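Good morning, colleagues. Please take a moment to look at the sequence and the structure, and then I shall walk through a few points.

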Amino acid sequence: MRQKTITLITSNILIGTITKAQTFTTGFEFGAGKSYIVEDFDANDQMNFKPSISSTISLKYQPKDSYFGLRANFMYVHTKFEGTWNESLIYGDVTTTTTSLLLEHLNTTKKWNFGYNFGLGYTLEDYYSNGGRWQQEEQRRFMSITLSGIANVSIGDRSALQCSPIILWTDPINSFSPDYWENGAEDVSFLFQVGYSYRLSNH
C-alpha cells in the first residue's frame, strides 16, 4: 500500500514538473500575397495570377529553456488566374493546403517580440482551368518549404497579435527540372498574414 502511494505521489510530481516545463500555443492568421511569382514573371502577360488569399492555424510546443519550439502548421492558399494557352482564353484557380512541421524561435518576454520559423511540409494542390471547349481538373501532391519571419506584440498574459511575412516554396525538387514544369505547382509564393495567438499554458 505504501509503495503504491509513493508511486502515485511520484507520478503526480513528474507530471506536474513536465507540464510546467513546457508551453503550448495555438494561433490563427489570415492575409494575402502573390503566388507563383516565377511563373507569373516568365509568362510575359500570357498568364496572370491574381493576388492570393490565405489563412493558417497552428499549434506550437515549446520545451522550457529550449531555443526552438516545434510548430505544427496548416496553411490554406487560394489563387485565381487568367490568360491564354495555345491561342485560347483560359481562366481557373489553384488551391493549396500545406501541412508543415516548423522549427520556431520567438521570445515572448517583452511587449514587442521578434522571431522566425522554417521547415518542411506536404502540400496538396487542387488545380482547375477552363478553356471554353475543354476543362482540366487535377490534384497534385508534393513537398514544400516554408520560411517566415514573426513580429509579435503581447496584449495580455497569454494573448498576442502578430504579423508574418512568409515564403512558401512548393515542389522544390521539380523546380529544377523543366520537363516536369506545370501551370501552378513548382514555384515560390510570398504571403503576408496577421493574426492572434494564445498560450494554453504559462511558462
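Let me begin with a question: does Arg71 count as buried or exposed? At 6% relative accessibility, Arg71 counts as buried. I shall return to this residue shortly, after a word on confidence.

What you see is a predicted model. The chain averages a pLDDT of 84, and 82% of the residues score at least 70. Confidence is highest in strand S3, residues 52-63, at a mean of 96. It is lowest in helix H1, residues 2-20, where the mean is 45. Over residues 2-7 pLDDT stays under 50, and the model has zero contacts for them beyond four places in sequence. The statement holds for residues 9-19 as well: pLDDT stays under 50, with zero contacts beyond four places in sequence. Where pLDDT is low, the predicted coordinates should not be read in detail.

Let us now turn to the charged side chains. Side chains of opposite charge can pair when their charged atoms come close. The count comes to six salt bridges in this model, and I shall present some of them.

Arg71 is met by Glu29 in a salt bridge, at 3.3 Å from N to O. Glu29 lies in strand S1 and Arg71 in strand S4, so this pair ties together parts that are 42 residues apart in sequence. Glu29 is itself buried, with a relative accessible area of 5%.

Next, Lys60 forms a salt bridge with Glu104, and their closest N and O atoms are 3.2 Å apart. Because Lys60 lies in strand S3 and Glu104 in strand S5, residues 88-106, the pair ties together parts 44 residues apart in sequence. Both of these residues, Lys60 and Glu104, are buried.

Glu104 also meets Arg71 in a salt bridge, at 2.8 Å from N to O. Here strand S5 holds Glu104 and strand S4 holds Arg71, so parts 33 residues apart in sequence are tied together. Through shared partners, the salt bridges join Glu29, Lys60, Arg71 and Glu104 into one network.

Finally, two backbone details. Tyr36 is not a glycine, yet it has a positive phi of about 55 degrees. Tyr36 is found in the loop between strand S1 and helix H2, and it is buried, with a relative accessible area of 3%. Asp65 likewise has a positive phi, near 65 degrees. Asp65 lies in the loop between S3 and strand S4 and, at 75% relative accessibility, counts as exposed.

Thank you for your attention.

How values were computed. Residues numbered from 1 in each chain as written. Predicted model: local features only at pLDDT ≥ 70, side-chain atom pairs only at ≥ 80, totals over all residues. Heavy atoms only, no water. pLDDT = per-residue confidence, 0-100. Helix = DSSP H or I, 4+ residues; strand = E, 2+ residues; numbered from the N terminus. Contact = heavy atoms within 4.5 Å. Buried < 20%, exposed > 50% of the residue type's maximum accessible area, 1.4 Å probe, protein only. Salt bridge = Lys/Arg side-chain N within 4 Å of Asp/Glu carboxyl O.
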